[in-house]
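I opened my notebook to work through this structure one feature at a time. Come along and keep the 3D view turning as you read.

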Amino acid sequence: MEWFNVGKIVNTHGIKGEVRVMSTTDFPDERYAVGSELAIFMPKSKTPIYVKVASHRKHKNFNLLTFEGYPTINDVEKLRDGIVKVSEKELTELEENEFYYHEIIGCRVITETGEDIGKVTEIIETGANDVWTVTPAEGKPHYIPYIEDVVKDIDIEEQVITIELMEGLLS
């Protein structure tokens, strides 16, 4: 089974079994909904700890969670530094022209004329739009904005993204 990161437990919060999660998901309300099943992967361990969300609330920049069967700080202390993940079966269908990062990273980027630019190696969130780091086989990476004027086609099945090469884009 494939797992996808949704956050990291950075600390405990209070004495009633709450943990602070630094979230990395675009869907925190869905991922951390009461009853959601999550897996926590601890450093130096390959075996996940399965938990079910008992409560969720926002506090400053964190998501505060409690888990069923973990009622005290002593129960959750051992979960600190764990990476919170969901299984691929928990992923929901996205709207048209929306993609999960794992679907984009690794795709080959070509121009409309067929010129190979490289592979998407990272996605940077800028606020206005995402920017994809496209790394060629040789040379420096390129930064491609994910906007309609540039990205013309995304074929997830073939792992190919076609872009319109605008002047100055690859400089």
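**Entry 1: a sheet.** I began with the strands, keeping in mind that this is a predicted model. I found an open sheet of 6 strands with mixed pairing, in the order β10-β9-β8-β7-β12-β11. Which strands are at the edges? I noted β10 and β11, each of which pairs on one side only. I also looked up the twist: neighbouring strands of this sheet are turned by 35° against each other on average, direction ignored.

**Entry 2: β8 and β9.** I zoomed in on one pairing within the sheet. Strand β8, residues 116–125, is joined to β9 by 6 bridges, and the two run antiparallel. Here I saw Ile123 standing opposite Trp132 in β9.

**Entry 3: aromatic pairs.** Next I looked for rings that pair. How many aromatic pairs are there? I wrote down 4 aromatic pairs. One of them is Trp3 with Tyr50, a tilted pair at 6.0 Å centre to centre with 45° between the planes. Trp3 lies in strand β1 (residues 3–13) and Tyr50 in strand β4 (residues 49–59), so this pair ties together parts that are 47 residues apart in sequence. I checked exposure too: Trp3 is partly exposed, at 22% relative accessibility. Tyr50 is exposed, with a relative accessible area of 55%.

Then I turned to Trp132 again. Trp132 forms a stacked pair with Tyr146, at 4.8 Å centre to centre and 15° between the planes. Trp132 is in strand β9 (residues 130–135), while Tyr146 is in the loop between β10 (142–145) and β11 (151–155), and the two are 14 residues apart. Is Trp132 buried or exposed? I have Trp132 down as buried, because its relative accessibility is 2% and the cut-off for buried is under 20%. Its partner Tyr146 is partly exposed, with a relative accessible area of 27%.

**Entry 4: a ring cluster and two charges.** I followed the ring pairs around Trp3 and found that they link Trp3, Phe41 and Tyr50 into a cluster. Phe41 has another neighbour to note: Lys85 lies over the face of its ring, at 4.9 Å from the ring centre. I found a second charge over a ring as well, with the charged end of Arg20 over Phe62, 5.3 Å from the ring centre.

**Entry 5: Ser87.** I then looked up Ser87, which is found in strand β6 (residues 83–87). Ser87 is buried, with a relative accessible area of 4%. Leaving aside residues up to four places away in sequence, I listed its contacts as Met1, Glu2 and Trp3.

**Entry 6: the cores.** I finished with the nonpolar cores. In soluble globular proteins, nonpolar side chains tend to be buried together. The largest core here has 18 residues, and Ile9, Val19, Leu38, Ile40, Leu65, Phe67 and Leu79 touch the most other members. The elements giving two or more residues to this core are β1, β2 (18–23), β3 (37–41), β4, β5 (62–67) and β6. Which strand gives the largest share? I noted β1, with 3 residues.

I picked out Leu79 for its contacts: not counting residues up to four places away in sequence, Leu79 touches Ile9, Ile40, Met42, Ile49, Phe67 and Tyr70. My last note is on a second, separate core of 15 residues, which includes Ile104, Ile144, Ile154 and Ile163.

Key:
Residues are numbered from 1 along each chain as its sequence is written. This is a predicted model: local features need pLDDT of at least 70, side-chain atom pairs count only at pLDDT 80 or more; totals for chains, interfaces and linings use all residues. Side-chain values use heavy atoms; hydrogens and water are left out. Helices (H or I, at least four residues) and strands (E, at least two) are DSSP runs, numbered from the N terminus. Buried means under 20% relative accessible area, exposed over 50%, partly exposed in between (1.4 Å probe, protein chains only). Contact means heavy atoms within 4.5 Å. Rings of Phe, Tyr and Trp (its six-membered ring) pair if their centres lie within 6.5 Å; planes under 30 degrees apart count as stacked, over 60 as edge-to-face and the rest as tilted. A charge sits over a ring if NZ of Lys or CZ of Arg is within 6 Å of the ring centre and within 35 degrees of the ring normal. Two strands pair if DSSP finds at least two bridges between them. Axes are lines fitted to C-alpha atoms, for helices over the stretch in contact, and angles run from 0 to 180 degrees between N-to-C directions. A nonpolar core is a set of buried Ala, Val, Leu, Ile, Met, Phe, Trp, Tyr and Cys residues joined through side-chain atoms within 4.5 Å.
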